[in-house]
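Work through the exercises below with the sequence and the 3D structure at hand, and compare each attempt with the solution that follows.

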Amino acid sequence: MPEFDTIVVATDGSDSVSRAVEVALDLADRFDAAVHALYVVDSGEVDSSPEEVRDQMRNALQERGGEAIVDVQKRAGLDVTAVVREGRPANEIADYAREIDADLVATGTRGRHGENRFLIGSVAERVVRTCPVPVLTVRQLAGEDDDGYGGAPV
């Protein structure tokens with residue numbers, strides 16, 4: 001049976017990631033694993049915005065990241081390491097998992113872009129392809145809404 005001592009939950013605060021958070025927290029509870037909640041401010045999204053609003057956008061996304069992390073912490077009922085990073089989401093998730101020697105990364109398969117995103121090119125797919133540790137993808141159930149917090153699409 002696999003051992004999970006450290007689990008990274010990649011979150012963007014959206015409803016579609018909510019199930020992934022629940023599943024990851026359940027696994028952490030079962031294995032008595034440490035949980036790291038990770039939110040990535042998408043630097044590509046910030047950089048592609050008009051220069052005069054970039055700082056405001058970055059600050060707003062960082063604030064949303066804080067809210068997403070607090071949500072994970074509240075739901076966990078256990079200590080959660082909170083991490084907000086900026087960069088390319090898939091790269092940052094894989095790098096962070098490597099840095100902390102994580103045993104598992106959990107993520108949703110659909111983020112804030114919903115049906116407007118194809119699986120090919122999505123952050124979740126890139127994480128699965130590039131992450132040095134196993135990745136658990138949790139699909140949003142049919143009929144669940146996506147509130148689109150505005151962080152990295154997962």
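**Exercise 1.** Describe how much of the protein chain is buried and how its secondary structure is ordered.

*Solution.* Of the 154 residues in the protein chain, 45% count as buried, a term for under 20% relative accessible area, with exposed meaning over 50% and partly exposed lying in between (1.4 Å probe, protein chains only). This is a predicted model, in which local features need pLDDT of at least 70 and side-chain atom pairs count only at pLDDT 80 or more, while totals for chains, interfaces and linings use all residues. Residues are numbered from 1 along each chain as its sequence is written, and side-chain values use heavy atoms, leaving out hydrogens and water. Next, the chain has five helices and five strands, where helices (H or I, at least four residues) and strands (E, at least two) are DSSP runs numbered from the N terminus. Along the sequence they follow the pattern β-α-β-α-α-β-α-β-α-β.

**Exercise 2.** Which residues of helix α4 are buried, and what covers them?

*Solution.* Start with the helix, residues 89-99, in which Pro 89, Ala 90, Glu 92, Ile 93, Ala 94, Tyr 96 and Ala 97 are buried. Then look for contacts (heavy atoms within 4.5 Å): the cover over these buried residues includes β1, β2 (34-42), β3 (80-87), β4 (104-108) and α5 (123-130). Finally, α4 is followed by Asp 101, which has a positive phi, near 55 degrees.

**Exercise 3.** Locate Asp 5 and state how exposed its surface is.

*Solution.* Asp 5 lies in the segment before β1 (6-10), and with a relative accessible area of 45% Asp 5 is partly exposed.
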